[in-house]
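Work through the exercises below with the sequence and the coordinates open. Each task is followed by a solution in steps.

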Amino acid sequence: MHRVVVLALDGVIPFELSLASRLFGVAVDAEGRHLYEVLTCSPDGGPVRTGADFSISVEHDASVLATADTVVIPASETFAEIVDSAALPAPVAEALAAIRPGTRIVGICLSTYVLAAAGLLDGKGAATHWCHADRFQRLYPHVALEPDVLFVDAGRVLTSAGAAAGIDLILHLVRRDHGSGVANHVARRCVVPPQREGGQAQYVERPVPHSADTGTSATRAWALDRLHEPLQLTDLARHAGMSRRTFTRHFRAEVGLSPGQWLTQQRVDLARHLLESSDLPVTRVAERVGFGTDATLRQHLHAAIGVSPGAYRRTFRA
């Protein structure tokens, strides 16, 4: 069984501390067997002060990190004070040193500061909360911060934006490990969307738009029913009753992606579902999702998740 160890540090935010045990904890296979074991530790095994008005007790100290397949570090209200490697508290550095090489590491929200100070994000992509993006980029220019996304999968090290984006990231990991069927089951059990559209740009504080402005949600819903069609920006803008330029501006402000990027993302997601849940030939899958040819599907799927349609189906076919 895949072991997940959660490292609780001083000032941990309770909501984020609970995500791993709640989401990984309800992931089961077709026979109802649990797919993950979740343990929680602190550096010394002692109680941990949270960012709320209570402390928590844990069952393990940092030595359990050496047994982990995945380590999750929830955010603490103190992490933004870690401005370089010298500011990384010694107990935290020692705990990170206990993690075996190759272990998957997940940082939620401001935990990006911890991972960057420890050198684990050097030259890698990362996400953090949008209101810290500018400061983080100044402090850690060697990290390729992506300020508009909900999470970044950089292979061994994965990072998310704000608290709820930790849900998106953990569901992504379950999907990566066991396919969309298991991830969708976890999402239903926890009453959250299996995948959220776009990035965190849609959550950035902005002035309230003028009352004459209209949204693009109805057009997105319309497009999702027509992914098999050769939709163009002109088609989307016409449906929304906007010029191409105005539609693109509204769309990016609401979703955090361009219309073309969003359409590709939705088509890849639908292709993955069809590869897992149907016996359709790859050519028919490509047609059903609007990519047209299996070569185009192969190109987009490989760009998104690094495998071919055939390899994906062999791995995740229910």
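The exercises concern a predicted model and go from the whole chain to one sheet and its central strands.

**Exercise 1.** Describe the overall make-up of the chain and decide how its radius of gyration compares with the globule rule.

Solution. Start with the secondary structure: the chain has 13 helices and ten strands. The radius of gyration is 21 Å, and the globule rule gives 20 Å for 318 residues, so the chain is as compact as a globular protein of that length. Next take the extents: the C-alpha trace spans about 60 × 50 × 35 Å along its principal axes. Then consider burial, with under 20% relative accessible area as the cut-off: 45% of the 318 residues count as buried. Finally, look at contacts with a separation of 6 or more: 64% of them are between residues 24 or more positions apart.

**Exercise 2.** Find where the confidence is lowest and highest among the elements of the chain.

Solution. The chain has a mean pLDDT of 89, with 94% of its residues at 70 or more. Among the elements, helix α13 (residues 309–316) has the lowest mean, 85, and β5 has the highest, 98. A separate stretch, residues 206–213, has pLDDT below 50; beyond near neighbours in sequence, it makes three contacts in the model.

**Exercise 3.** Give the strand order of the six-stranded sheet and identify its edges.

Solution. The order is β2-β1-β5-β6-β10-β9, in an open sheet with mixed pairing. The edges are β2 (36–41) and β9 (151–153), each of which pairs on one side only. Neighbouring strands are turned by 15° against each other on average, direction ignored.

**Exercise 4.** Trace the pairing from β2 to β6, using one residue pair for each step.

Solution. Begin at β1 (residues 2–7), which runs parallel to β2 and is joined to it by six bridges; here V6 stands opposite T40. Move on to β5: β1 and β5 pair in the parallel sense over three bridges, and V4 stands opposite T70. The last step joins β5 to β6 (residues 104–107), again in the parallel sense, over four bridges, with V71 opposite I105.

**Exercise 5.** Which helix joins β5 and β6 in a β-α-β unit, and what covers β5?

Solution. The helix is α2 (residues 90–97), and the β-α-β unit is right-handed. On β5, T70 and V72 are buried on one side, and V71 and I73 on the other, so that both faces are covered. Helix α1 (residues 14–25) packs on the sheet and touches β1, β2 and β5 (70–73); the direction of α1 makes about 165° with that of β2.

Conventions: Residues numbered from 1 in each chain as written. Predicted model: local features only at pLDDT ≥ 70, side-chain atom pairs only at ≥ 80, totals over all residues. Heavy atoms only, no water. Pairing = 2+ DSSP bridges. Helix = DSSP H or I, 4+ residues; strand = E, 2+ residues; numbered from the N terminus. Axes fitted to C-alpha atoms, helices over the stretch in contact; angles between N-to-C directions. Contact = heavy atoms within 4.5 Å. Buried < 20%, exposed > 50% of the residue type's maximum accessible area, 1.4 Å probe, protein only. Right-handed = clockwise from strand over helix to strand, strands pointing away. pLDDT = per-residue confidence, 0-100. Rg over C-alpha atoms; globule rule 2.2 N^0.38 Å.
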